[in-house]
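Thanks for passing this one along. Here are my notes, point by point, to read with the model open beside you.

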Amino acid sequence: MKAAPDRYQDLRDAVRALCAQFPDSYHRDIDAKRAYPEAFVDALTTAGWLAALIPTEYGGSGLGLAEASVIMEEINRSGANAGACHGQMYNMGTLLRHGSDAQKQLYLPKIASGEWRLQSMGVTEPTSGTDTTKIRTTAVKRGDRYVVNGQKVWISRVQHSDWMILLARTTPLAEVKKKTEGMSIFMVDLRQAEKSGMAVRPIANMVNHETNELFFENLEIPAENLIGQEGKGFKYILDGLNAERTLIAAECIGDGWWFIDRVTKYASERVVFGRPIGQNQGVQFPIAESYIEVAAANLMRFRACELFDAHQPCGAEANMAKYLAAKASWEAANACIQFHGGFGFADEYDVERKFRETRLYQVAPISTNLILSYVAEHVLGLPRSF
Ligand SMILES: Cc1cc2nc3c(=O)[nH]c(=O)nc-3n(C[C@H](O)[C@H](O)[C@H](O)COP(=O)(O)OP(=O)(O)OC[C@H]3O[C@@H](n4cnc5c(N)ncnc54)[C@H](O)[C@@H]3O)c2cc1C
């Protein structure tokens, strides 16, 4: 597929060169074994790509969101799945924005070097779902510790992370003026927690995505692991969402290009009824439509990056980029599997794997409906529905 070179071409070439060392067969094998792509994530970490957003004073590369998003895009475009490691790129944003100097000095250099993985963020709970203000996990201060009780669900990469950012209620919902107040975030030392107070139960799922249920029973966290002010955790989590949404949009765009590349090649080569299937407009048009939609989503993604990197409000653009990109990659996935015919279902073509992987982004980390609700209410000013 021909795409005009952009100003990130050097960066793209460098990430592509690394990704090329991990061919389809590597990712296929990892998927079949439901294993973690340890060697791939190590290579990305050692090369410094996952520390793109960490300022240079803490050992990162101090790049902007645009560059970080290109890294994520190229990972997915190569046939890999950035879901195995994207947490390392953006979870540290909460620390960077709201951590104390001492916390930043302690954590960020080790995260940048890869000595510590901060791959996990514990927000979702089984009973509250998307309505985060209803979380029931509590953290109660006792002397120099917080004692955590409750449950989380769908918490990713816990088994491949050293630290997790945890959102818990520090003031009961009934005692706060606004439902968004009274929640706090903490750094949780996962290996320590597993020894006492936290049980981990993996959730088998459609994608090779390591994700878990977590059960807390009197888990003790040192009070110095509180990030920022007690009670402001929900706001801190929201502050990180624009970067997360935009990076996920870039992953979807990488997937979209991958599907379009594969299906274009296949449709040009596969001969049925004496001619390439791609000669039929019934085959051409869905592929062309996907290309247009991925290209449009790409523009919105770079608009979100531009605003974010200029420290301008970008909530609308980040959400719209995520919406458009997740939809476009899914349409591209459908065209790709459809025009591979039966072969789309064979593991060795990798289409079914990428198809499963890209489907997730309609639901997580934010569902399509919730983005529509954001645009309806926060951009258009329609009456609040919740
Ligand atoms: C593989 C995977 C990995 C994940 N990793 C993490 C992680 O690392 N950390 C973490 O905290 N969470 C994680 N999640 C959770 C994810 O963020 C949630 O699944 C997602 O936000 C949706 O929440 P829910 O599953 O509770 O759905 P629900 O909130 O129960 O919603 C179900 C459906 O109803 C729709 N809906 C709900 N309310 C409304 C409304 N008012 N209007 C219109 N539609 C509505 C939703 O859009 C959704 O489609 C992960 C999920 C998956 C599947």
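1. Start with aspartate 350, which sits in the loop between α11 (315–339) and α12. Its phi is near 70 degrees, a positive value in a residue other than glycine. Is aspartate 350 buried or exposed? Aspartate 350 has a relative accessible area of 1%, so it counts as buried. Keep in mind that this is a predicted model.

2. Tryptophan 154 also has a positive phi without being a glycine, here about 65 degrees. This residue belongs to strand β3. Tryptophan 154 has a relative accessibility of 47%, and because exposed means over 50%, it is classed as partly exposed.

3. One more backbone spot to check: the peptide bond from alanine 364 to proline 365 is cis, with omega near -5 degrees. Proline 365 lies in the loop between α12 (351–359) and α13.

4. On to the ligand. It is surrounded by 18 residues, and the closest are Thr124, Thr130, Trp154, Ser156 and Ser367. So Trp154 from point 2 turns up again here. Which elements each supply at least two residues of this shell? They are β3 (145–156) and α13 (368–379). The largest share, three residues, comes from β3.

5. What is the shell made of, by class? There are 10 nonpolar and eight polar residues, and no charged ones.

6. Now the polar contacts. A nitrogen atom of the ligand lies 2.8 Å from a backbone N or O atom of methionine 121. At valine 123, a polar backbone atom is 3.0 Å from an oxygen atom of the ligand. Asparagine 369 uses its side chain instead: an N or O atom there is 2.9 Å from a nitrogen atom of the ligand. As for cover, the ligand on its own has 970 Å² of accessible area, and the protein covers 65% of that.

7. Last, the packing. The largest nonpolar core has 87 residues, and the members that touch the most others are Phe40, Ile71 and Ile75. Helix α9 (residues 233–269) gives this core its largest share, 16 residues. Another core, of 19 residues, lies apart from it; Tyr146, Val158, Leu214 and Phe216 are among its members.

8. If you want one residue to click on in the largest core, try isoleucine 75. Which residues is isoleucine 75 in contact with, leaving aside its neighbours within four places in sequence? The list is Val15, Cys19, Phe40, Leu44, Ala80, Asn81 and Ala82.

Note on methods. Residues are numbered from 1 along each chain as its sequence is written. This is a predicted model: local features need pLDDT of at least 70, side-chain atom pairs count only at pLDDT 80 or more; totals for chains, interfaces and linings use all residues. Side-chain values use heavy atoms; hydrogens and water are left out. A nonpolar core is a set of buried Ala, Val, Leu, Ile, Met, Phe, Trp, Tyr and Cys residues joined through side-chain atoms within 4.5 Å. Buried means under 20% relative accessible area, exposed over 50%, partly exposed in between (1.4 Å probe, protein chains only). Helices (H or I, at least four residues) and strands (E, at least two) are DSSP runs, numbered from the N terminus. Contact means heavy atoms within 4.5 Å. A residue is near a molecule or strand if one of its heavy atoms lies within 4 Å of it. A polar contact is a pair of N or O atoms within 3.5 Å; within protein, one must be able to donate a hydrogen and the other to accept it, and residues adjacent in sequence count only if both atoms are side-chain atoms. Accessible areas come from the Shrake-Rupley method with a 1.4 Å probe; for residues, only the protein chains shown count as cover. Ala, Val, Leu, Ile, Met, Phe, Trp, Tyr, Cys and Pro count as nonpolar, Asp, Glu, Lys and Arg as charged, and the others, Gly among them, as polar.
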